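Trainee: I am new to this structure and would like a close look at a single part, the place where the two domains meet. Could you take me through it slowly?

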Amino acid sequence: MKIGILISGRGSNMVAITEAVQSGLIPNSEVAVVISDKSKAKGLEKAKALGIETLPITRKGRKRVEHDAEIITELKKREVELVCLAGYMRLLSSDFVKAFPNKILNIHPSLLPSFKGLHAHEQAIEYGVKISGCTVHFVDEHLDHGAIILQKAVEVKDNDTAETLSKRIIKYEHEAYVEAVKQVASGNLKIKGRTAILDELGKSHNT
Ligand code: GRF
């Protein structure tokens with residue numbers, strides 16, 4: 001499965017996915033390209049160091065659909081089948097979502113549907129929750145909304161700041177994203193309504 005990863009920043013989830021693909025932990029897959037809407041994203045250098053093609057595609061004042069159209073073209077050119085948003089700080093247009101039906105994933109640093117959007121760690125601390133975590137989900141037209149693939153719970157400590165909580169959660173994000181991509185790449189993950197179901201026997205059932 002050819003994977004395209006979209007980033008805007010440091011790219012630690014992108015590195016986790018790429019290393020898992022390169023080590024064979026995610027089998028029969030290849031990271032074809034890493035695209036960033038920020039030309040100075042730190043993750044671009046990390047992707048290059050891992051031998052992955054990088055492509056900055058900045059917005060340049062264009063409408064969302066026009067920006068997205070260029071990204072879709074570049075992904076399709078490379079026959080990308082699965083798109084992973086990894087700290088990509090833009091909402092996708094519905095054209096983008098339709099171009100890759102049920103083939104776009106995102107990771108969010110909270111247990112959705114709690115604390116959508118920006119500053120999820122601050123939101124969790126402000127609310128006073130004792131457990132937070134991370135969620136990998138399919139992407140639809142709505143913010144942090146599509147069917148959930150998997151979640152990992154992480155304790156929130158009384159003296160946590162957004163920074164200490166994010167440092168604790170990010171380690172689980174890397175594990176969760178790798179596991180989710182593995183499930184999707186296996187072809188055994190089915191979506192029924194909002195529920196993603198892993199049918200581990202799927203392939204043998206069907207043959
Ligand atoms: C992660 O916390 C992710 O959940 C959120 O943005 C952050 C990106 O971190 N969507 P990185 O760029 O993968 O290091």
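Mentor: What follows is a walk through the contact between the domains, with a short look at the ligand site afterwards.

This is a predicted model, in which local features need pLDDT of at least 70 and side-chain atom pairs count only at pLDDT 80 or more, while totals for chains, interfaces and linings use all residues. Residues are numbered from 1 along each chain as its sequence is written, and side-chain values use heavy atoms, with hydrogens and water left out.

The domain assignment, which comes from an automatic or database source, gives domain 1 as 1-101 and domain 2 as 107-207. Taken over C-alpha atoms, the centres of the two domains are 19 Å apart. Domain 1 brings 22 residues to the contact and domain 2 brings 16 residues, where contact means heavy atoms within 4.5 Å.

The size of an interface is often given as the accessible area lost when the parts come together. Here the buried area (accessible area, 1.4 Å probe, lost by two parts on being put together and summed over both) is about 1,500 Å², and carbon and sulfur atoms give 74% of it. On the side of domain 1, Asn-13, Ile-26 and Val-97 lose the most area to domain 2, together 28% of what that side buries.

Between the domains there are zero salt bridges, a salt bridge being a side-chain nitrogen of Lys or Arg within 4 Å of a carboxyl oxygen of Asp or Glu. Three residue pairs, both at pLDDT 80 or more, are in polar contact across the interface; this asks for a pair of N or O atoms within 3.5 Å, where within protein one must be able to donate a hydrogen and the other to accept it, and residues adjacent in sequence count only if both atoms are side-chain atoms.

Helix H1 (12-22), strand S4 (82-85) and helix H4 (94-99) each supply at least two residues of the side of domain 1 that touches domain 2, and the largest share, five residues, comes from H1. Helices (H or I, at least four residues) and strands (E, at least two) are DSSP runs, numbered from the N terminus.

Asn-13 is also among the residues surrounding the ligand, which include Ser-12 and Glu-173, each with a heavy atom within 4 Å of it. An oxygen atom of the ligand lies 2.6 Å from an N or O atom in the side chain of Ser-12, and an oxygen atom of the ligand is 2.6 Å from such an atom in the side chain of Glu-173.
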